[in-house]
Amino acid sequence: MVDENDKVNFYEGKLNVVHPAGNEYARFDATDYLDYISQGVEPRSYLKFPYLKGVGWKGLVDGKDSGIYRVNFLARLNVADGMATPAAQEAYTTMYDFFGKKPMPNTPTLHRDRVAENLYAAERALELIQSIPKEPPSMGGDLGEAGEGIGCVEAPRSTLFHHCRADEKRLTTKVNLIVATVQNNRPCVCQ
């Protein structure tokens, strides 16, 4: 997920998908995820295998024609032009200067990616703490109505999609969660 300046963002922004060659494949709002992502199934597993609809499901295959994608620290940094906080940006720049390639396919760089992300998380947490109003807003009111909600967040293990529907009795009628483990199921299994 990237903000309006193409910097890594954990909670707000557009989801950015980059082709292994480095060009942007898609950029979309979380609410539009069903236009870009679907889930394949394999008889040998209970897990679903998310893939990019525009490429299609071709089974458990590698290569440029595979619609299977990865989400992780490295993927987040590869789709962004940098970090939104100073120390994290310095770590980001140092890492890409050292390895000299973007996007980096190298899984061994994940530990360096974590440094940049952890710095960003710490700096951003401090910004949020310092901006807390002295009087918190009221949390009372109506619990909501029947409807549908879609959300996405960049969690420590990576991208999480949440899609829920509730009926007029406020009972959940549909839930679709696409978690990092499932999104990385195929790439991790076959490497």
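**Exercise 1.** State how many helices and strands the chain of this predicted model contains, and give their order.

*Solution.* The chain holds six helices and seven strands. Read from the N terminus, these elements follow the order β-β-α-β-β-α-α-α-β-β-β-α-α.

**Exercise 2.** Determine what share of the residues is buried and what supplies the exposed area.

*Solution.* The chain has 191 residues, and 38% of them are buried. The exposed area of the chain is about 11500 Å². Of this area, 55% comes from carbon and sulfur atoms.

**Exercise 3.** Compare the length of helix α3 with its expected span.

*Solution.* Helix α3 covers residues 86-99, which is 14 residues. At 1.5 Å a residue, the expected span is 20 Å. The C-alpha atoms at the two ends lie 20 Å apart, in agreement with that value.

**Exercise 4.** Establish how the buried residues of α3 are arranged around its axis, and which exposed residues lie on the face turned away from them.

*Solution.* First, list the buried residues of α3: Ala88, Ala91, Tyr92, Met95 and Tyr96. Viewed down the helix axis, they fall within an arc of 125°, so they line one face of α3. An α-helix has 3.6 residues a turn, so residues three or four places apart point the same way. The face turned away from the buried side carries the exposed residues Pro86, Glu90, Asp97 and Phe98. After α3 comes glycine 100, with a positive phi near 70°.

**Exercise 5.** Classify cysteine 152 and cysteine 164 by accessibility, and state how many disulfides the structure has.

*Solution.* Cysteine 152 has a relative accessible area of 12% and is therefore buried, the cut-off being under 20%. Cysteine 164, at 32%, counts as partly exposed. A search of the whole structure gives zero disulfides.

Conventions: Residues numbered from 1 in each chain as written. Predicted model: local features only at pLDDT ≥ 70, side-chain atom pairs only at ≥ 80, totals over all residues. Heavy atoms only, no water. Helix = DSSP H or I, 4+ residues; strand = E, 2+ residues; numbered from the N terminus. Buried < 20%, exposed > 50% of the residue type's maximum accessible area, 1.4 Å probe, protein only. Areas by Shrake-Rupley, 256 points an atom, 1.4 Å probe, with all protein chains shown as cover. Disulfide = S-S within 2.5 Å. Expected span 1.5 Å × (residues − 1). Arc of directions from axis to C-beta.
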